[in-house]
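Student: Could you take me through one part of this model closely, the open sheet and what packs around it? I would enjoy one connected account rather than a list.

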Amino acid sequence: MGGQANTNSTAGASNFDGSIQSTVRANASTGFSIVSVTAAAHADGSTVGHGLNAKPAMIIEKNRDATSSWYVQHSGLGDMSGSYILLNGTGASGTDGAWNLSEPTSSVMSIDPGYIYADTDANTIYYCWAPVEGYSAFGTYTGNASTDGPFVFLGFKPAVIIFKNADSSVTQWDIYDTTRDHDNLTTTRLFPSATNAENDTYDFFDVLSNGFKIRNSSAGNNGSGNTIIYAAWASNPFKTS
């Protein structure tokens, strides 16, 4: 049987929504699922069920069997069927239509690990997020290289925000949270794409009741004319279903 995975089990549930069986641990109310695919005859156009009952806005994929990059699909990159950006690097987004042949849907995502990892038997893991009103948001804004930067409306006060300049080949991913940084201006960041220690050199943005306001001209989150992708989760969710 297909559909959403059993959220009451510590183990995942089998999902047959796609052309390849997956094991899924999903919580549709918070828009998050973990999808595991074991060795199978992956082919172009293969699909895997994700259990969210909504179209994912961000998917992170990793080959569990070999040294490889973390591939991120994000709705802010445009066509999710071929666009990606690496979580473990500073590179700009790229496009490869041979890797992923169709947009994810409310039930499945398209995969081809045999192409991207050169291994048709790769065991892979996928972390999938769908936006939930008042709880999480995934999107983009355009940088203006000014300390009076863009305001981004989320509909909630964020507790965690992750940024990446999708047009830059030299900027890190940045992650901020309101547990380490209680007051505006927000300064303290970590780098998911690097081994660097925590950095608090600059004033980056204001955390607001309904979103955030960029206050720094740095390329990482405000490069002039650049597309910045973000993912954000609420400190006090207004809605979880």
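Tutor: Happily, and one definition comes first: two strands count as paired if DSSP finds at least two bridges between them. Please keep in mind that this is a predicted model.

On that basis, an open sheet of 4 strands can be traced in the order β11-β17-β13-β14, and its pairing is antiparallel. The edges are β11 (136–142) and β14 (174–177), each of which pairs on one side only. From one strand to the next, the twist averages 20°. As a general reminder, strands of a sheet pair through backbone hydrogen bonds, in either a parallel or an antiparallel manner.

Let us follow β17, residues 227–234. Toward β13 (residues 158–165), 7 bridges hold the antiparallel pair together. You can check the register by eye: Pro158 stands opposite Ala234 in β17, and Asn165 stands opposite Ile228 in β17. Toward β11, the join again consists of 7 bridges, and these two strands also run antiparallel. Here Ser136 stands opposite Trp233 in β17. With a cut-off of under 20% relative accessible area for a buried residue, 7 of the 8 residues of β17 are buried, so this strand is largely enclosed by the rest of the structure.

That leads to the packing. In soluble globular proteins, nonpolar side chains tend to be buried together. The largest nonpolar core in this model has 17 residues, and the members that touch the most others are Tyr141, Leu154, Phe163, Phe205, Phe212 and Tyr230. At least two residues of this core come from each of β11, β13, β15 (205–208), β16 (211–214) and β17. The largest share, 4 residues, is supplied by β17. A second, separate core of 15 residues includes Ile60, Leu87, Trp129 and Trp233. Trp233 is also the residue of β17 that faces Ser136 across the pairing.

Tyr141 makes a good place to zoom in. Leaving aside neighbours within four places in sequence, Tyr141 is in contact with a set of residues that includes Pro150, Val152, Phe163, Phe212 and Ile214. Also among its contacts are Asn221, Asn226, Thr227, Ile228 and Tyr230. Of these partners, Phe163, Phe212 and Tyr230 are, like Tyr141, among the core members that touch the most others.

For a view beyond the sheet, look at His50, which sits in the loop between β4 (46–49) and β5 (58–63). Its relative accessibility is 0%, so His50 counts as buried. A polar atom of the His50 side chain lies 2.8 Å from the backbone oxygen of Thr105, and there is also a 3.2 Å separation between a polar atom of that side chain and the backbone nitrogen of Leu52. Apart from neighbours within four places in sequence, the contacts of His50 include Val24, Ala26, Ser33, Val35, Pro56, Met109 and Cys128.

Stepping back, the protein chain has 2 helices and 17 strands, and buried residues make up 49% of its 241 residues. Of the contacts between residues at least 6 apart in sequence, 59% join residues at least 24 apart. The chain exposes about 10,300 Å², with carbon and sulfur atoms supplying 47% of that area.

Definitions and conventions
Residues numbered from 1 in each chain as written. Predicted model: local features only at pLDDT ≥ 70, side-chain atom pairs only at ≥ 80, totals over all residues. Heavy atoms only, no water. Buried < 20%, exposed > 50% of the residue type's maximum accessible area, 1.4 Å probe, protein only. Contact = heavy atoms within 4.5 Å. Areas by Shrake-Rupley, 256 points an atom, 1.4 Å probe, with all protein chains shown as cover. Axes fitted to C-alpha atoms, helices over the stretch in contact; angles between N-to-C directions. Core = buried A, V, L, I, M, F, W, Y, C linked by side-chain atoms within 4.5 Å. Polar contact = N/O pair within 3.5 Å; in protein donor to acceptor, adjacent residues only side chain to side chain.
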